[in-house]
Amino acid sequence: MNLPLFFADFVAVIHATYVLVVVVGLAAILVGAARGWRWVRNAYFRLIHLAMIAVVAVQALMGWLCPLTVLENYLRRLGSGPAYSESFLGHYAQQILYVDLPPWVFTMLHVGFGILVLAALFLIPPRWPRRDPA
C-alpha cells in the first residue's frame, strides 16, 4: 500500500466532506426554517457554519490556496502516484472538488455563498442560549 496516496485520498474525502457540510448546511437552514426545525436555529451550529464559509471566502479573496489542497497535492507528489491512482472515494472527491473553471469563478462562488450564509444568519436568526441570572 502506498501510504502517501492513501493519506492523499483521505484528505480529499475530508475536503469533500467540508464542502458538503457548508453546502448542505445552508440548504438545511433554509428548508429547516420553512419547516420549523428547531435545530437549524442552534447558535453554535450557525456560527460554526458561518466560520467555515468565512475561512473559504477569505482564502479566495486573498488568492490563497486551500491548505487541504496543498496537503493533498504534497501527499500525491510524495507518493509518486500516476494520474487516477486514488481510491474510489478519493477519485469522486476529486471530481467534486476540482472542476476546471477560471479562478475568478471560484472566488465569486465562495464569496457569494458566504454572503448567502451571512444573509441567512440575519434573515433566519439563530436561537442564542439562555443564561440564568446567578
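Tutor: Buried means under 20% relative accessible area, exposed over 50%, and partly exposed in between. The model discussed here is predicted.

Student: Is W39 buried, exposed or partly exposed?
Tutor: The relative accessibility of W39 is 47%. Buried requires a value under 20% and exposed a value over 50%. W39 therefore counts as partly exposed.

Student: Which residue forms an aromatic pair with W39, and how are the rings arranged?
Tutor: The ring centres are 6.3 Å apart, and the planes lie at 15° to each other. Planes under 30 degrees apart count as stacked. The stacked partner of W39 is W37.

Student: How does W37 count by accessibility?
Tutor: W37 has a relative accessibility of 34%. Because partly exposed covers the range between 20% and 50%, W37 counts as partly exposed.

Student: Which residue joins W37 and W39 in one aromatic cluster?
Tutor: The structure holds three aromatic pairs. W37 and W39 make up one of them, as a stacked pair. The residue that forms one cluster with these two is F45.

Student: What is the geometry of the pair F6 and F7?
Tutor: The ring centres of F6 and F7 are 5.3 Å apart, with the planes at 75°. F6 is partly exposed at 40% relative accessible area, and F7 counts as partly exposed at 40% as well. Since planes over 60 degrees apart meet the criterion, the pair F6 and F7 is edge-to-face.

Student: What secondary structure does the chain have?
Tutor: There are zero strands in the chain. From the N terminus on, the elements run α-α-α-α-α. The count of helices is five.

Student: Why does the end-to-end distance of α1 agree with its number of residues?
Tutor: α1 has 33 residues, which at 1.5 Å a residue should span 48 Å. The helix is followed by G36, whose phi is positive, near 80°. The end C-alpha atoms of α1 agree with the expected span, being apart by 45 Å.

Student: At what angle do α1 and α5 cross?
Tutor: Helix α1 covers residues 3-35 and helix α5 residues 103-123. Their axes come within 11 Å, and the crossing is left-handed. The crossing angle is roughly 35°.

Student: Which residues make the contact of α1 with α5, and of what class are they?
Tutor: From α1 the contact takes V22, V23, L26 and I29, and from α5 it takes F113, L116, V117 and A120. No polar and no charged residues appear in this contact. By class, the eight residues are nonpolar.

Student: Against which helices do the buried residues of α2 pack?
Tutor: Helix α2 (residues 43-62) reaches 28 Å from its first C-alpha to its last, close to the 28 Å expected. Its buried residues include R46, H49, L50 and Q59. They pack against α1, α3 and α5.

Student: Is P126 buried or exposed?
Tutor: P126 lies in the segment after α5. Beyond its neighbours within four places in sequence, P126 is in contact with R41, N42, A43, R46 and L121. With a relative accessible area of 12%, P126 is buried.

Student: How far apart in space are P126 and F45?
Tutor: In sequence, P126 and F45 are 81 residues apart. F45 also belongs to the aromatic cluster with W37 and W39. From C-alpha to C-alpha, the distance between P126 and F45 is 8.8 Å.

How values were computed: Residues numbered from 1 in each chain as written. Predicted model: local features only at pLDDT ≥ 70, side-chain atom pairs only at ≥ 80, totals over all residues. Heavy atoms only, no water. Axes fitted to C-alpha atoms, helices over the stretch in contact; angles between N-to-C directions. Helix = DSSP H or I, 4+ residues; strand = E, 2+ residues; numbered from the N terminus. Left-handed = near helix turned anticlockwise from the far one by under 90°. Contact = heavy atoms within 4.5 Å. Nonpolar A, V, L, I, M, F, W, Y, C, P; charged D, E, K, R; others polar. Expected span 1.5 Å × (residues − 1). Phe/Tyr/Trp six-rings, centres within 6.5 Å; stacked < 30°, edge-to-face > 60°. Buried < 20%, exposed > 50% of the residue type's maximum accessible area, 1.4 Å probe, protein only.
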